[in-house]
Amino acid sequence: MTLLTTRVAPEWVDYNGHMNDAEYARVFSLAVDTLMEGIGLDAEGRARLDYTLFTLETHLCYRREAHQDQALAVEVLLLDRDAKRLHVFFTMRDDAGEALATSEQMLMGIDTGIHRPAPFPPAVAEQIDALPRAEAAAWPEAAGRRIGIPRR
């Protein structure tokens with residue numbers, strides 16, 4: 001499910017001539033904002049429900065360089081969820097469908113009235129249930145990766 005389409009802005013390009021690593025994180029953050037809008041947590045929904053999402057953890061993997069004015073599309077796949085957390089996997093693709101980067105994230109639902117974790121409001125939970133979901137045996141290869149230096 002494509003959430004976000006954008007282009008690499010000139011100010012996102014660094015001294016190496018491609019999109020700076022921090023800008024990949026920016027695009028994935030914009031995708032989270034778009035996901036929130038899609039599940040009823042736009043500005044009006046956040047205010048009405050006193051509810052938002054916080055990012056608890058992210059694992060970003062860079063696959064290919066992105067260059068100035070290059071088209072980007074970010075897709076989302078729900079890996080898992082419980083009453084207050086979403087485990088999501090984003091893939092950033094170019095206009096040829098090649099993966100440029102991935103971002104695996106754990107998002108937590110927050111009651112903004114008490115600033116504490118809280119279960120998803122029913123209308124939000126219903127929208128989450130409509131997201132494309134990966135079966136546990138069919139997760140993307142990059143999901144659940146551990147970072148470390150392999151030793152022989």
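Is T102 buried or exposed, and what is its relative accessibility? At 6% relative accessibility, T102 counts as buried. Keep in mind that what you're looking at is a predicted model.

## Around T102

To find this residue in the structure, go to strand β5, which covers residues 99–111. T102 has plenty to touch there, even with residues up to four places away in sequence left out. Its contacts include F28, then H59, L60, C61 and R63. F89, F90 and T91 are on the list too, along with A142.

How does burial look across the rest of the chain? Of the 152 residues, 40% count as buried, and T102 is one of the buried ones.

## The overall layout

Now for the bigger picture. The protein has three helices and six strands. Going along the sequence, they come in the order β-α-α-β-β-β-β-β-α. So much for the parts list; what about the contacts between residues? Take the contacts that join residues at least 6 apart in sequence: 67% of them link residues at least 24 apart.

## Size and surface

How does the radius of gyration of the protein sit with that of a compact globule? For 152 residues, a compact globule would come out near 15 Å, and the protein has 16 Å, which agrees. If you'd rather think in terms of a box, the C-alpha atoms fill one of roughly 45 × 40 × 25 Å along the principal axes.

On the outside, the protein exposes about 8900 Å². Carbon and sulfur atoms supply 48% of that area. As for charges, there are 16 positive and 24 negative ones, and the mean positions of the two sets are 8 Å apart.

## A pair of tyrosines

How many aromatic pairs does the protein have? The count comes to three. One to look up is Y24 with Y62: their ring centres are 5.0 Å apart and their planes are at 90 degrees, so this pair is edge-to-face. The cut-off behind that label is an angle over 60 degrees between the planes.

Where do the two rings come from? Y24 lies in helix α1 (residues 21–38) and Y62 in strand β2 (residues 51–62), so the pair ties together parts that are 38 residues apart in sequence.

The two partners also get separate labels for burial. Y24, at 3% relative accessibility, counts as buried, while Y62, at 42%, counts as partly exposed. The cut-offs explain this, because buried means under 20% and partly exposed runs from there up to 50%.

Notes: Residues are numbered from 1 along each chain as its sequence is written. This is a predicted model: local features need pLDDT of at least 70, side-chain atom pairs count only at pLDDT 80 or more; totals for chains, interfaces and linings use all residues. Side-chain values use heavy atoms; hydrogens and water are left out. Helices (H or I, at least four residues) and strands (E, at least two) are DSSP runs, numbered from the N terminus. The radius of gyration is taken over C-alpha atoms; the globule rule is 2.2 Å times the number of residues to the power 0.38. Buried means under 20% relative accessible area, exposed over 50%, partly exposed in between (1.4 Å probe, protein chains only). Contact means heavy atoms within 4.5 Å. Accessible areas come from the Shrake-Rupley method with a 1.4 Å probe; for residues, only the protein chains shown count as cover. Lys and Arg count as positive and Asp and Glu as negative; His and the chain ends are not counted. The place of a charge is taken as NZ of Lys, CZ of Arg, CG of Asp or CD of Glu. Rings of Phe, Tyr and Trp (its six-membered ring) pair if their centres lie within 6.5 Å; planes under 30 degrees apart count as stacked, over 60 as edge-to-face and the rest as tilted.
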